[in-house]
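Here are a few short exercises to work through with the model open. Try each one yourself before reading the solution.

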Amino acid sequence: MTAPSKSGRPHLKLLIAAPRGFCAGVDRAIVIVERAIEKYGAPVYVRHEIVHNKYVVDNLRAKGAIFVEELDQVPDGVPVVFSAHGVPKAVPAKAEERGLDYLDATCPLVSKVHRQAERQVEAGRHILFIGHRGHPEVIGTFGQVDAGHMTLIETVEDAERFTPADPDNLAFLTQTTLSVDDTAAIVATLQRRFPAVHAPKGEDICYATSNRQSAVKAIASACEAVYVIGAPNSSNSVRLVEVAEREGTPARLIQRADEIDFDWLRDVRTLGLTAGASAPEILVREVIDQLRTQFEVDEEEVETARENIAFKLPRGLEPA
Ligand code: SF4
């Protein structure tokens with residue numbers, strides 16, 4: 001523990017990364033569910049966790065949302081919202097077939113990748129999709145094109161091993177929430193092996209993911225430990241832990257203040273704090289308040305970028 005203050009609690013310097021927490025896509029997805037409940041009345045079904053955060057999901061559940069994993073679990077005649085991660089084309093097609101009212105909360109930056117996938121296949125290219133197996137965004141993007149047109153590349157080793165039928169007709173795309181550094185290494189491998197590989201227009205890794213990674217990188221080396229607020233199934237939150245660790249700083253993911261491990265902080269004088277794109281600011285404040293029960297906390301926000309992005313709501317849900 002550090003030297004005690006007048007209050008008897010040890011000092012803790014807290015470097016808080018900015019930007020952190022909610023991105024424009026998460027904000028929009030949550031508003032879509034709230035407006036859908038206002039418009040149609042409860043319950044409104046939501047296919048998959050609207051965003052990967054238990055606090056957000058529990059709050060929406062209390063307002064009248066029912067979360068399910070598959071469309072088959074949605075009864076006839078009730079509206080359904082698709083999560084921010086995106087869905088395979090077969091899902092809205094099935095909803096239409098059943099006559100369900102559906103609202104698509106897919107982040108527009110994920111939809112942009114979906115359209116690129118379609119265009120690459122139309123151009124006769126095989127897509128190498130850089131992403132994490134089993135993540136809903138990856139399942140959704142694979143479901144934009146017919147089977148066989150896309151291969152998942154998770155690692156540099158996968159990029160080294162891949163044997164294409166036609167090396168001159170390849171394109172790569174990426175999940176939006178990857179590690180910027182890991183992805184650059186995979187892309188470099190693909191470009192070395194297949195110089196003609198078609199790159200996406202602009203970055204697929206979204207602004208929120210790269211800004212949050214730069215922000216945590218900026219504080220990590222000045223800290224002895226870093227807490228990232230986020231869920232274990234939140235890809236961008238897990239990447240923030242990895243980025244901090246790569247700077248040589250121990251980092252942990254926590255979902256709520258009650259997961260703070262004060263033993264782990266015993267010799268820490270400077271702690272870094274950030275939050276993944278699906279974690280609300282209220283959880284950051286909750287963590288800081290909990291730290292104050294044991295430490296004399298001196299907060300400093302370290303801002304590496306400003307964000308002013310907002311996405312339009314689907315037609316019919318705009319404010320009156
Ligand atoms: S993390 Fe990026 S892609 Fe995902 S919802 Fe937020 S802005 Fe959209």
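**Exercise 1.** Decide whether Cys-107 and Cys-223 are buried or exposed in this predicted model.

*Solution.* Start with the cut-off: buried means under 20% relative accessible area. Cys-107 comes out at 11% relative accessibility, so it counts as buried. Next, take Cys-223: its relative accessible area is 8%, so that one is buried too.

**Exercise 2.** Find out how many disulfides the whole structure has.

*Solution.* Recall what you're looking for: a disulfide is a covalent bond between the sulfur atoms of two cysteines. In practice, you look for cysteine sulfur pairs within 2.5 Å. Run that search over the whole structure and you get 0 disulfides.

**Exercise 3.** Work out where the ligand sits and what surrounds it.

*Solution.* First, the location: the ligand takes up the space of the largest cavity. Second, the elements: helix H1 (24–40) and helix H4 (108–122) are the ones that each give two or more residues to the shell around the ligand. Third, the residues: the ones around the ligand include Cys-23, Cys-107 and Cys-206, along with Thr-176, Thr-177 and Tyr-207. Finally, sort the shell by class, and you end up with 8 nonpolar residues, 3 polar ones and no charged ones.

**Exercise 4.** Locate the residue that UniProt marks as "active site", and decide whether it is buried or exposed.

*Solution.* Check the record first: an unreviewed UniProt entry puts the "active site" feature at Glu-137. Then place Glu-137 in the fold, where it belongs to helix H5 (residues 136–142). Last, look at accessibility: Glu-137 has a relative accessible area of 2%, so it's buried.

Terms used
Residues numbered from 1 in each chain as written. Predicted model: local features only at pLDDT ≥ 70, side-chain atom pairs only at ≥ 80, totals over all residues. Heavy atoms only, no water. Near = heavy atom within 4 Å. 1 Å grid on protein atoms, 1.4 Å probe; cavity = no way out; pocket = protein on both sides within 12 Å on 5 of 7 lines; lining within 4 Å. Sits in = over half its atoms within 2 Å of the grid points. Helix = DSSP H or I, 4+ residues; strand = E, 2+ residues; numbered from the N terminus. Nonpolar A, V, L, I, M, F, W, Y, C, P; charged D, E, K, R; others polar. Buried < 20%, exposed > 50% of the residue type's maximum accessible area, 1.4 Å probe, protein only. UniProt positions renumbered as here; feature names shortened; annotations may be inferred.
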